[in-house]
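I opened my notebook to jot down what I looked up in this structure. Here are my entries, in the order I made them.

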Amino acid sequence: MQKNSSVVKYLLRLVWQKSRILYLYFFVFALVVFAFQIALVYLPKLVIDNLLAETFDYLWTTLAVFILITVFCLLIKHFVESRYLFKIHALRYNLIRLFHHTVLNTDYQHFENSDFHNEAHLAYSSLENAGEGYEAVLRRLFLVGVGLISLIGLSFIIIQLQYWIIALLIINALVTFLVIFAIKKIEFRNSQTQANISKPANYYAYVMNEFSHSKDIRLYGMKNFILGKLHAVRNAELNSNKNTLGKSYSINLLNILAIFIREGIIYIYLVYALINNDLPIGDFVLYIMAIASFNFSLENFLNDTAFIKSQGQIIKQTQSFFTAHHNDQEYIVAVPKIIEKIEFRDVFFRYPNEDDWLIEDLSVTFTTEEKIGITGPHGSGKSTFIKLLCGLLQPEQGEILINDINIQDLNKNDLYKLYSSVFQKTNVFAFSLETNISAVKEPDQNKLKNAVEDALLDEKIYALPNGFKENLTKKIYKNGLDLSESEAQRLSISRAFYKDRPIVIFDEPSLDCLEDKQLYNNFVDFTIGKLSIFVSQRVERLQFCDKIAVFEKGEIIEYGSHQELMSKNGQYFKLTALQKNQYEGETDNE
């Protein structure tokens with residue numbers, strides 16, 4: 001997609017690539033509409049001429065032919081219209097799928113950038129409904145083409161009366177176009193404002209309807225605060241609409257004046273010519289109908305053209321989004337099947353538009369079958385390190401290597417398949433239990449059974465009426481099952497067991513689950529032959545690890561086994577002593 005190409009050319013090319021039959025529908029539709037319009041213009045003249053000449057037999061024949069033409073044209077018009085509208089609708093759905101595909105395949109780090117969310121929100125605004133954006137413009141392109149053919153045909157009829165009438169209509173049309181385009185620009189700016197307003201409005205509405213937020217809203221008395229926020233946003237929306245309508249009304253007064261002058265001059269001339277016998281009554285009616293049809297077609301043509309031009313900016317935003325986030329990188333290095341080591345080599349990372357490094361000059365190497373502990377205070381870089389390790393974030397400087405291969409040279413989807421991850425927050429999806437665990441349509445039932453048994457979730461699942469087929473959460477399903485936090489954590493551990501990948505990541509508070517001796521033993525068996533990473537602020541939970549990395553301000557300040565770090569009397573030693581006193585004090589108080 002060319003970012004700077006005209007929107008019309010882009011859409012015509014898109015139609016040619018995706019649905020060429022639309023061009024056939026257009027020509028048939030245009031011819032039918034034009035034939036019906038010409039018949040409608042000429043019918044009154046023919047009726048009057050036959051009445052004046054008292055040729056009634058020919059009159060009835062004329063009426064019969066007109067009725068047949070009308071019925072035929074309407075049947076063909078509605079048949080073609082139903083087909084092309086469906087094709088355009090389907091084309092928009094294909095673009096929506098492309099949008100979602102683009103979002104899901106773009107680098108994860110974009111999701112932690114508010115600019116990306118604004119870009120995505122604006123890009124989707126051209127796709128989310130039929131009233132604006134792609135589908136609306138494609139529909140209007142149909143009508144613009146039909147209107148242009150009608151205007152050309154009607155011009156030949158009107159020119160036979162007077163050339164200056166066409167000139168007057170064109171001059172008036174330019175005024176109308178400028179007025180309409182000015183109004184459409186105002187409406188476009190308002191739509192951008194509305195898009196920015198709808199984002200927080202949708203969030204406040206989501207918060208009020210989200211089950212997980214309902215306890216905090218009630219217990220902390222946040223109801224009035226959230227309603228106030230939503231009310232303020234809606235007031236801003238109303239004020240924006242009011243301002244837009246006021247400006248549009250003022251500008252449209254110029255168009256009304258131009259129409260008044262045009263209609264006055266033309267109809268005074270026609271009546272004058274009729275009175276002075278310069279124009280037969282049949283021709284008078286013909287030109288009245290032709291000029292009325294011309295004005296109607298012209299008004300629609302200009303409205304549609306101005307609409308297309310104003311919507312072009314919205315479509316360009318979507319094109320730019322597709323272009324900026326289209327992942328067309330070719331990966332020539334295959335992901336290794338056996339992981340021997342992972343190395344961070346002089347890695348620096350910070351988010352865009354930020355000055356401070358979250359990870360600074362980090363170099364460390366992990367080898368297979370090691371159990372690695374990661375600890376440090378809040379904001380020390382632990383979570384960022386894990387995201388870099390998984391390939392979710394890319395370093396600004398330095399390299400992250402798997403078996404001496406830079407992970408940026410690997411296919412991301414294949415790279416992700418190396419990790420069995422259990423993070424602090426478990427995302428439970430509104431799918432069945434088996435889909436939540438396996439993330440595939442047709443899971444391996446034996447692997448499912450083993451995974452939930454090893455995670456000690458089997459008793460819960462086997463007691464359910466539908467077992468693995470039980471649907472989770474009430475967000476979609478009326479009788480959906482809501483898991484407790486502990487059960488959700490075990491569900492997450494089940495996913496890790498089911499996937500059985502060579503690199504295992506356990507982030508707190510998932511480590512709480514491992515305090516169960518049976519689950520801990522199952523997990524130890526699971527990590528045999530794997531590189532295992534454990535993240536916790538509580539250092540006593542990491543003493544079983546082969547090596548422990550202590551993070552502070554994006555750097556590893558200490559690295560070694562529990563015994564080695566304790567012998568240094570450094571930061572790790574201080575954390576161990578401090579937390580021992582802290583948690584023993586909490587136990588005593590209990």
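Before anything else I needed the cut-offs: buried means under 20% relative accessible area, exposed means over 50%, and partly exposed is in between. I also noted that this is a predicted model.

**Entry: Asp-346**

I started with Asp-346, which I found in strand S1, residues 341-349. Is Asp-346 buried or exposed, or partly exposed? Its relative accessibility is 40%, so Asp-346 counts as partly exposed. Then I checked its backbone and got a positive phi of about 55 degrees, although Asp-346 is not a glycine. That caught my eye because most residues other than glycine have a negative phi.

**Entry: another positive phi**

I looked up Asp-404 too. Its phi is near 70 degrees, again a positive value in a residue other than glycine. Asp-404 sits in the loop between strand S4 (397-402) and strand S5 (405-406).

**Entry: the negative patch**

Which residues gather with Asp-346 in a patch of negative charge on the surface? I wrote down Glu-360, Asp-361, Glu-552 and Glu-555. I picked Glu-552 for a second look and placed it in strand S9, residues 547-552. Its relative accessible area is 31%, so I put Glu-552 down as partly exposed.

**Entry: the nonpolar patch**

Next I went for a patch without charges in its name. Trp-164, Leu-254, Leu-257, Phe-260, Ile-261 and Ile-265 form a nonpolar patch on the surface, and together they have about 600 Å² of accessible area. Which helix gives the largest share of this patch? I found that helix H8 (residues 223-275) supplies five residues, the largest share. Ile-265 lies in helix H8, and with a relative accessible area of 39% it is partly exposed.

**Entry: Thr-102**

I wanted a residue on the inside as well. Thr-102 is in helix H3, residues 56-105. Its relative accessible area is just 6%, so Thr-102 is buried. What is Thr-102 in contact with, leaving aside its neighbours within four places in sequence? My list reads Phe-321, Phe-322 and His-325.

**Entry: Gln-160**

Last, I checked Gln-160, in the loop between helix H5 (134-159) and helix H6 (163-209). With 58% relative accessible area, Gln-160 goes down as exposed. I also compared its position with Ile-21: the two are 139 residues apart in sequence, and their C-alpha atoms are 37 Å apart in space.

Note on methods:
Residues are numbered from 1 along each chain as its sequence is written. This is a predicted model: local features need pLDDT of at least 70, side-chain atom pairs count only at pLDDT 80 or more; totals for chains, interfaces and linings use all residues. Side-chain values use heavy atoms; hydrogens and water are left out. Patches are made of residues with over 30% relative accessible area and no salt bridge: like charges are joined within 9 Å, nonpolar side chains (Val, Leu, Ile, Met, Phe, Trp, Tyr) within 5 Å. Accessible areas come from the Shrake-Rupley method with a 1.4 Å probe; for residues, only the protein chains shown count as cover. A salt bridge is a side-chain nitrogen of Lys or Arg within 4 Å of a carboxyl oxygen of Asp or Glu. Lys and Arg count as positive and Asp and Glu as negative; His and the chain ends are not counted. The place of a charge is taken as NZ of Lys, CZ of Arg, CG of Asp or CD of Glu. Helices (H or I, at least four residues) and strands (E, at least two) are DSSP runs, numbered from the N terminus. Buried means under 20% relative accessible area, exposed over 50%, partly exposed in between (1.4 Å probe, protein chains only). Contact means heavy atoms within 4.5 Å.
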